[in-house]
Amino acid sequence: MKPIKIEICLGTTCFVMGGETLQNMGDMLKKKYGAKIEVEAVRCLEVCSSDNFSKAPYARVDGEVIGEASLEKVQAVIEKKLNHE
Ligand code: FES
């Protein structure tokens with residue numbers, strides 16, 4: 001099975017909007033899901049335009065953008081994907 005790709009935004013907008021909590025998220029997810037996922041920190045997911053600013057910080061799971069990203073939210077999407085495969 002192909003690993004689920006998790007991209008965590010560490011760009012300025014996301015960082016300012018609470019992204020520092022996302023920095024640990026990658027490690028926590030790796031510990032929990034191991035080889036089932038692949039975690040990448042990115043500089044900007046290009047979704048933080050002025051309209052979407054308030055939804056930062058962002059993460060992306062297999063192409064699905066998650067606004068106001070938190071460990072719980074990202075985990076919920078991972079679980080959903082794992083259960084559908
Ligand atoms: S800084 Fe996070 S999407 Fe742009």
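## Cysteines without a bridge

The structure holds zero disulfides. Keep in mind as you read that this is a predicted model. Let us look at two of the cysteines. Cys-9 has a relative accessible area of 3%, so Cys-9 is buried. Cys-14 is buried too, with a relative accessibility of 2%. Both cysteines will come back when we reach the nonpolar cores.

## Strands side by side

Now find strand β1, which covers residues 4–9, and strand β2, which covers residues 37–42. In which sense do β1 and β2 pair, parallel or antiparallel? They pair in the parallel sense, and six bridges join them. To get from β1 to β2, the chain passes through α1, and this β-α-β crossover is right-handed. The helix in the middle, α1, spans residues 12–33.

You can pick out one rung of this ladder yourself: Ile-6 has Val-39 in β2 as its bridge partner. Another residue to look for in strand β2 is Ala-41. Is Ala-41 buried or exposed? Its relative accessibility is 53%, so Ala-41 counts as exposed. Apart from neighbours within four places in sequence, Ala-41 is in contact with Ile-8 and Leu-10. Ala-41 can also be compared with Gln-23: the two are 18 residues apart in sequence, and their C-alpha atoms are 8.3 Å apart in space.

## Two nonpolar cores

The largest nonpolar core has 16 residues. Which members touch the most other members? They are Ile-6, Leu-29, Val-61, Val-74 and Ile-78. The elements that give two or more residues to this core are β1, α1, β3 (residues 59–61) and α2.

Ile-78 is a good residue to click on. Leaving out residues up to four places away in sequence, Ile-78 touches Ile-4, Ile-6, Leu-29, Tyr-33, Ile-37 and Val-61. Three of those names, Ile-6, Leu-29 and Val-61, also appear in the list of members with the most contacts. There is a second core as well, separate from the largest one and made of seven residues. Its members include our two cysteines, Cys-9 and Cys-14, along with Val-42 and Leu-45.

## A buried acid

A charged residue can be buried as well, and Glu-7 in strand β1 is worth a visit. Is Glu-7 buried or exposed? With a relative accessibility of 9%, Glu-7 counts as buried, because the cut-off for buried is under 20%.

What does Glu-7 touch, once neighbours within four places in sequence are set aside? Glu-7 is in contact with Glu-40, Val-42, Leu-45, Ala-59 and Arg-60. Val-42 and Leu-45 are among the residues of the second core.

## Salt bridges

How many salt bridges does the model have? The count comes to five. One of them joins Glu-64 to Lys-80, with the closest N and O atoms 3.7 Å apart. This pair links distant parts of the chain: Glu-64 sits in strand β4 (residues 64–66) and Lys-80 in helix α2 (residues 71–83), 16 residues apart. Glu-64 is partly exposed at 29% relative accessibility, and Lys-80 is partly exposed at 41%.

Glu-64 also meets Lys-81 in a salt bridge, again with an N to O distance of 3.7 Å. Glu-64 lies in strand β4 and Lys-81 in helix α2, so this pair ties together parts that are 17 residues apart in sequence. Taken as a group, Glu-64, Lys-80 and Lys-81 are linked in a network of salt bridges.

## A closer look at Lys-81 and one more pair

Lys-81 belongs to helix α2. Is Lys-81 buried or exposed? Its relative accessible area is 19%, which means that Lys-81 counts as buried, given the cut-off of under 20%. Leaving aside neighbours within four places in sequence, Lys-81 is in contact with Ile-4, Val-61, Asp-62 and Glu-64. Val-61 is one of the residues with the most contacts in the largest core.

Finally, look at the salt bridge between Glu-68 and Lys-73, where the closest N and O atoms are 3.9 Å apart. Glu-68 is partly exposed, with a relative accessibility of 42%. Lys-73 is partly exposed as well, with a relative accessible area of 36%.

Key. Residues numbered from 1 in each chain as written. Predicted model: local features only at pLDDT ≥ 70, side-chain atom pairs only at ≥ 80, totals over all residues. Heavy atoms only, no water. Salt bridge = Lys/Arg side-chain N within 4 Å of Asp/Glu carboxyl O. Helix = DSSP H or I, 4+ residues; strand = E, 2+ residues; numbered from the N terminus. Buried < 20%, exposed > 50% of the residue type's maximum accessible area, 1.4 Å probe, protein only. Core = buried A, V, L, I, M, F, W, Y, C linked by side-chain atoms within 4.5 Å. Contact = heavy atoms within 4.5 Å. Disulfide = S-S within 2.5 Å. Pairing = 2+ DSSP bridges. Right-handed = clockwise from strand over helix to strand, strands pointing away.
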